Amino acid sequence: MLRNGTPAPDFALRDDQNNETTLKEACQGKIVVLHFFRGAFCPTSHRDLLNLNDALERFQMLESEVMGISADSPSQLHTLRRQLGLRFPLLSDSNYEIAPQYGVYESEDGEGPPRHAEPALFIIDAEGNMAWSQIQSGPKGLAGIGDVLMILMQMAANNGTY
């Protein structure tokens, strides 16, 4: 598990529009809420993504960006984003290379794609360092949005750091 205060692993992943996105570009003075989700096949993932989407304006008021990551292909993510009406980018870790760098558990349940991650949420500060994390060992979902917003409010009061 990554320790708070240590640099978050950078990545270059394709988004749902097939554009390359890096964590370094996303951080530039902003807090990043990074959500690893199981995939388009998972109803719990849909719920978590919709909860993040519903709170997006509050995240943005706190100078935070939200990004979702799964092992789905960019085209699958494009379809999912459109179906759910998501207003934040979804990134494809189709080779399952980034999730292990964050210590995210690989699912062993036999559902979905051959390799996919269990839910995890990371808050990365404006300097690109880990500020908070929650990693699930099963598909039960994430911390409540209220808990995440409390952490972001504290970080906003401290110029984007925890």
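**Helix H6 and its neighbours**

Hi everyone, let me start on the outward side of helix H6, where Met150 and Ala157 are exposed. Please keep in mind that this is a predicted model.

So what does the rest of H6 look like? The helix covers residues 145-157, 13 residues in total, and reaches 18 Å from its first C-alpha to its last. That is close to the 18 Å expected at 1.5 Å a residue. Opposite the exposed pair we find Ile145, Val148, Leu149, Ile151, Leu152 and Met155, which are buried. These buried residues cover an arc of only 160° around the axis, which puts them on the same side of H6. If you want the textbook reason, an α-helix has 3.6 residues a turn, so residues three or four places apart point the same way. Just after the helix, Asn159 takes a positive phi of about 55°.

What does the buried side pack against? Its partners are strands S3 (31-36), S4 (64-70), S6 (120-124) and S7 (130-135), together with helices H2 (43-54) and H3 (56-61). H6 lies across S3, S4, S6 and S7, and runs at about 10° to S6.

Now to the sheet. It is open, with mixed pairing, and its 7 strands come in the order S2-S1-S5-S4-S3-S6-S7. Strand S2 (20-22) and S7 are at the edges and have a single partner strand each, so one side of each is left without a neighbour in the sheet. From one strand to the next, the twist averages 30°. Further in, S4 and strand S5 (residues 90-92) run parallel and are joined by 3 bridges. One detail to look up on screen: Ser70 has Ser92 in S5 as its bridge partner.

Finally, the core. Which members of the largest nonpolar core touch the most other members? Of its 28 residues, they are Leu49, Phe59, Phe88, Leu90, Ile123 and Leu152. At least two residues each come from S3, H2, H3, helix H4 (74-84), S6, S7 and H6. H6 gives the most, with 6 residues.

Phe59 is a nice place to zoom in. Leaving aside residues up to four places away in sequence, Phe59 touches Val33, Leu52, Ser64, Val66, Ile145, Val148, Leu149 and Leu152. Apart from this core lies another, of 24 residues, including Ala26, Tyr96, Phe122 and Ile135.

That's my tour, so to close where we began: H6 has Met150 and Ala157 exposed on one side, while residues such as Leu149 and Leu152 are buried. Thanks, everyone!

Notes
Residues are numbered from 1 along each chain as its sequence is written. This is a predicted model: local features need pLDDT of at least 70, side-chain atom pairs count only at pLDDT 80 or more; totals for chains, interfaces and linings use all residues. Side-chain values use heavy atoms; hydrogens and water are left out. Helices (H or I, at least four residues) and strands (E, at least two) are DSSP runs, numbered from the N terminus. The expected span of a helix is 1.5 Å times one less than its number of residues. Buried means under 20% relative accessible area, exposed over 50%, partly exposed in between (1.4 Å probe, protein chains only). The arc is that of the directions from the helix axis to the C-beta atoms. Contact means heavy atoms within 4.5 Å. Two strands pair if DSSP finds at least two bridges between them. Axes are lines fitted to C-alpha atoms, for helices over the stretch in contact, and angles run from 0 to 180 degrees between N-to-C directions. A nonpolar core is a set of buried Ala, Val, Leu, Ile, Met, Phe, Trp, Tyr and Cys residues joined through side-chain atoms within 4.5 Å.
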